[in-house]
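Please open the model in your viewer and keep the selection tool at hand. The tour below goes from stop to stop, saying what to select and what is to be found there.

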Amino acid sequence: MRAIVLGAGVVGVTAAYELAKDGHEVTVIDRLGEPAAGTSFANAGLIAPGHAYSWASPRAPGILWRSLFDSSQALRFRPNLDPRLWAWTWKFLRNCTAERARLNTKRKVRLCIYSQGELRRVASETGVAYDGLEGGLLYLYRSPQSFARGAGNTRILAEEGLELRAVDRDEMARIDPALAPVKEQFAGAVFCPSDASGDARVFTRALARHCAERLGVTFKFGTEITGFETDGDRVTGLATRSGTVAGDEFVMCLGVFSPFLARSLGVSLPIYPVKGYSVTLPLDGHSNPPGIGGVDEDNLVAYARFGDRIRATATAEFAGYDTSHRPSDFAYMLGVMRRLFPDGANYERPSYWAGLRPMTPEGTPILGRGRYRNMMFNTGHGHMGWTMSAGAARITADLVSGRKPAIDLSGMLVA
């Protein structure tokens with residue numbers, strides 16, 4: 001079967017790998033010039049079932065409201081005239097009840113746990129290296145109040161079989177000695193020993209090479225998709241500015257751009273971009289970088305170490321499709337990192353980036369078929385795309401081949 005994958009980010013390339021492994025003839029189409037050139041380029045790098053909480057929670061409306069006047073809020077709502085923003089926001093607010101937050105979090109962590117296992121399988125099968133770092137992640141809390149709340153929230157993840165434990169600041173420093181000099185800043189931490197980190201772009205590009213060289217996958221870069229050719233309830237071809245690409249099965253992995261093409265197929269995808277910022281810093285011989293990744297929860301700054309680099313990420317901003325940035329956008333997260341790891345990296349050589357998370361109101365991805373029986377969706381993974389990618393890819397390949405996926409997909413199938 002000829003399978004056409006739309007998108008060459010981490011979600012699209014992992015889907016291409018699983019489809020090719022199943023024996024399909026796979027072609028990947030992307031408008032950019034190489035794999036992982038969009039949202040996967042410089043994301044946080046955390047492989048984090050232990051951070052799979054739904055963003056839509058009872059606290060979220062207040063945060064959104066305060067963000068209109070206070071730019072230090074974790075979620076920054078920037079109203080504009082886009083009706084898609086207001087439709088998405090209404091659906092998001094409807095998910096901000098305790099009951100819905102609990103349900104959405106359980107669905108997210110279930111997929112994340114499954115996907116992390118699939119990622120390890122793919123890495124073992126292919127030998128692809130990606131600056132992966134096992135040993136867990138630390139979720140750090142500065143105040144007793146936030147620590148108590150964070151420790152209490154772990155129950156919902158633990159119910160799905162995830163091991164987490166609250167640790168005091170002394171044990172936190174034993175887990176990652178790089179935090180020992182600054183441990184007095186914290187009340188404690190939540191440690192998830194099975195969480196990990198790694199560079200999604202390095203992984204995606206290496207896996208794409210493996211797919212091309214070992215599995216015969218064709219990649220067409222610099223190819224802009226303009227629409228579809230259909231016949232009855234089937235898609236027969238993908239229209240591009242370079243001509244039509246015929247196929248038997250199509251898989252949409254276009255992240256924040258998925259809704260525009262889906263609309264031409266009669267499918268409304270509730271996906272909206274949420275902008276995030278990252279800065280990557282070289283170690284340059286500095287002696288006390290983080291030993292494992294983590295999140296400064298009170299400041300909502302995530303960090304991960306990739307070999308001789310560390311990356312910090314922060315901010316969730318509703319800014320439409322704008323990916324522009326200025327050095328001042330990174331001042332806050334750099335200040336947090338300097339306080340966390342004063343001798344952790346060369347802070348004078350930052351590499352800045354901003355990207356768009358494809359968020360659904362629930363925080364869960366959109367999988368499965370719409371009205372056309374050979375168009376599969378694998379999109380909308382939000383801030384967990386790296387964590388969810390391998391599992392979503394295996395699920396997609398199973399659905400294409402008519403097999404029952406390994407986990408329950410309730411709440412994740414296209415409407």
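## A tour by selection

Begin with T315, which is found in strand 17, the strand made of residues 309-318. Keep in mind from this point on that what you are looking at is a predicted model. With a relative accessible area of 14%, T315 is buried, because buried means under 20%. Its backbone deserves a look as well, since the phi of T315 is near 80°, a positive value in a residue other than glycine. Most residues other than glycine have a negative phi.

Where else can a positive phi be found in a residue other than glycine? Select D284, whose phi is near 50°. D284 lies in the loop that runs between strand 14 (272-282) and strand 15 (294-296), and at 41% relative accessibility D284 counts as partly exposed.

Next, move to T280, whose place is in strand 14. At 12% relative accessibility T280 counts as buried, and the side chain of T280 makes a polar contact of 2.9 Å with the side chain of R311. If you display the surroundings of T280 and set aside residues up to four places away in sequence, you will find that T280 touches R309, I310 and R311, and also R349, P350 and S351.

The aromatic residues come next, and the structure holds 15 aromatic pairs. For one of them, select Y130 and W386, whose ring centres are 5.7 Å apart and whose planes stand at 85°, so the pair is edge-to-face. This pair links distant parts of the chain, for Y130 is in the loop between helix 4 (98-126) and strand 5 (137-141), while W386 is in helix 10 (residues 385-400), 256 residues apart. Both Y130 and W386 are buried. Then select F77, W86, W88, F92 and F318 together, which form one aromatic cluster.

Stay with helix 10 for a moment and select S389, whose place is in that helix. Is S389 buried or exposed? With a relative accessible area of 1%, S389 is buried. Leaving aside its neighbours within four places in sequence, S389 is in contact with V10, V11, T14 and S115.

For a contrast in exposure, select R371, which is placed in the loop between strand 19 (366-369) and strand 20 (375-379). R371 has a relative accessible area of 58% and is exposed, because exposed means over 50%. Its contacts, once neighbours within four places in sequence are left aside, are D233, L265, G266 and V267. If you measure from R371 to N95, C-alpha to C-alpha, the separation in space is 26 Å, and the two residues are 276 residues apart in sequence.

The last stop is on the surface, where W65, L68 and F69 make a nonpolar patch of about 380 Å². Of these residues, select F69, which lies in the loop between helix 2 (60-67) and strand 4 (75-77). F69 counts as exposed, at 63% relative accessibility.

Conventions. Residues are numbered from 1 along each chain as its sequence is written. This is a predicted model: local features need pLDDT of at least 70, side-chain atom pairs count only at pLDDT 80 or more; totals for chains, interfaces and linings use all residues. Side-chain values use heavy atoms; hydrogens and water are left out. Patches are made of residues with over 30% relative accessible area and no salt bridge: like charges are joined within 9 Å, nonpolar side chains (Val, Leu, Ile, Met, Phe, Trp, Tyr) within 5 Å. Accessible areas come from the Shrake-Rupley method with a 1.4 Å probe; for residues, only the protein chains shown count as cover. A salt bridge is a side-chain nitrogen of Lys or Arg within 4 Å of a carboxyl oxygen of Asp or Glu. Helices (H or I, at least four residues) and strands (E, at least two) are DSSP runs, numbered from the N terminus. Buried means under 20% relative accessible area, exposed over 50%, partly exposed in between (1.4 Å probe, protein chains only). A polar contact is a pair of N or O atoms within 3.5 Å; within protein, one must be able to donate a hydrogen and the other to accept it, and residues adjacent in sequence count only if both atoms are side-chain atoms. Contact means heavy atoms within 4.5 Å. Rings of Phe, Tyr and Trp (its six-membered ring) pair if their centres lie within 6.5 Å; planes under 30 degrees apart count as stacked, over 60 as edge-to-face and the rest as tilted.
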